Amino acid sequence: MHMDPRWHLSHARGYLELNMVAEAAAELDALPKNHAMSCEALALRITLYQKRGQWPELSTASAELARQRPYDAGAWIIWAYATRRADSLEAAERILREARILHPKEATISFNLGCYHCQRGDLAGAQQLVDEAIALDSKFQELAATDPDLAPLRQDAERRVKSK
């Protein structure tokens, strides 16, 4: 058994690129304990758990990455995404509210919060957050037109147009 952590990480990365998930998991599991929670190992585990749809594990790994790298907005976004699936929309929303304080210019955080507000029935709050996301990054205009979470917001807008 080769014990150099770089070797295991490199092999795990390669296996993930080839979609060889079981082999990647074996390489990550072979990491020495003191490297198992390194940022690089966590990032690879996050990819692995996403591919497998392992939401509780993804939530735990991305929470640890966000703890180690609070400046990494992506870790917070993935943590909330996984938490929504593993736990609840409310728990995911708490994560993103905290992330928004740290990353006020991250459009994905505002957009996802808008989706959560919409799913809770707060259409005015949802619209405000989606508009904020679009102002930060125009690509969210197109996403807002198709995201299933925002269907109630689009239906409400259509009702308002028809009633005029």
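Helices here are DSSP runs of H or I with at least four residues, strands are runs of E with at least two, and both are numbered from the N terminus. Keep that in mind as you click along.

**Before you start**

This is a predicted model, in which local features need pLDDT of at least 70 and side-chain atom pairs count only at pLDDT 80 or more, while totals for chains, interfaces and linings use all residues. Residues are numbered from 1 along each chain as its sequence is written, and side-chain values use heavy atoms, with hydrogens and water left out.

**Stop 1: the whole chain**

Show the chain as a cartoon. You should find 10 helices and zero strands, in the order α-α-α-α-α-α-α-α-α-α along the sequence. Turn the view around: the C-alpha trace spans about 70 × 30 × 30 Å along its principal axes.

Now switch on the surface. About 9,200 Å² of the chain is exposed, and carbon and sulfur atoms supply 52% of that area; such areas come from the Shrake-Rupley method with a 1.4 Å probe, and for residues only the protein chains shown count as cover.

How much of the chain is buried? Buried residues make up 43% of the 164 residues. The word buried means under 20% relative accessible area, exposed means over 50%, and partly exposed is in between, using a 1.4 Å probe and protein chains only.

Among contacts between residues at least 6 apart in sequence, 48% join residues at least 24 apart. A contact means heavy atoms within 4.5 Å.

**Stop 2: helix H1**

Select residues 5-17. Helix H1 has 13 residues and reaches 18 Å from its first C-alpha to its last, close to the 18 Å expected at 1.5 Å a residue. That expected span is 1.5 Å times one less than the number of residues in the helix.

Colour Pro5, His8, Leu9, Ala12 and Leu16, which are buried. Why do they line one face of the helix? Seen down the axis of H1, the buried residues fall within an arc of 95°, so they line one face; the arc is that of the directions from the helix axis to the C-beta atoms. An α-helix has 3.6 residues a turn, so residues three or four places apart point the same way.

On the other side of H1, look for Arg6 and Glu17, which are exposed. The cover over the buried residues of H1 includes helix H2 (21-29) and H3.

**Stop 3: two loop residues**

Step on to Asn19, in the loop between H1 and H2. Asn19 has a positive phi of about 60° although it is not a glycine. Buried or exposed? Asn19 counts as exposed, at 52% relative accessibility.

Next, pick Ala36 in the loop between H2 and H3. Ala36 counts as buried, at 16% relative accessibility. Not counting residues up to four places away in sequence, Ala36 touches Leu31, Ala41 and Arg45. To try your distance tool, join the C-alpha atoms of Ala36 and Glu158: they are 122 residues apart along the chain and separated by 51 Å.

**Stop 4: helix H4**

Select residues 55-68. Helix H4 has 14 residues and reaches 20 Å from its first C-alpha to its last, close to the 20 Å expected at 1.5 Å a residue. Its buried residues include Leu58, Ala61 and Leu65. Which helices do the buried residues of H4 pack against? They pack against helix H3 (39-52) and helix H5 (73-86).

**Stop 5: helix H8 and its surroundings**

Move to residues 123-136, which form helix H8. The buried residues of H8 are Gly125, Ala126, Leu129, Val130, Ala133 and Ile134. Add the neighbours to your view: what covers these residues includes helix H6 (89-102), helix H7 (107-119), H9 and helix H10 (151-162).

**Stop 6: Glu142 and Asp149**

Glu142 is found in helix H9 (residues 139-144). With 63% relative accessibility, Glu142 counts as exposed. The C-alpha atoms of Glu142 and Ile109, 33 residues apart along the chain, are separated by 16 Å.

Finish at Asp149, in the loop between H9 and H10. Asp149 is buried, with a relative accessible area of 17%. Which residues is Asp149 in contact with? Leaving aside neighbours within four places in sequence, Asp149 is in contact with Arg84, Cys115, Cys118 and Gln119. For a last distance, the C-alpha atoms of Asp149 and Arg69, 80 residues apart along the chain, are separated by 29 Å.
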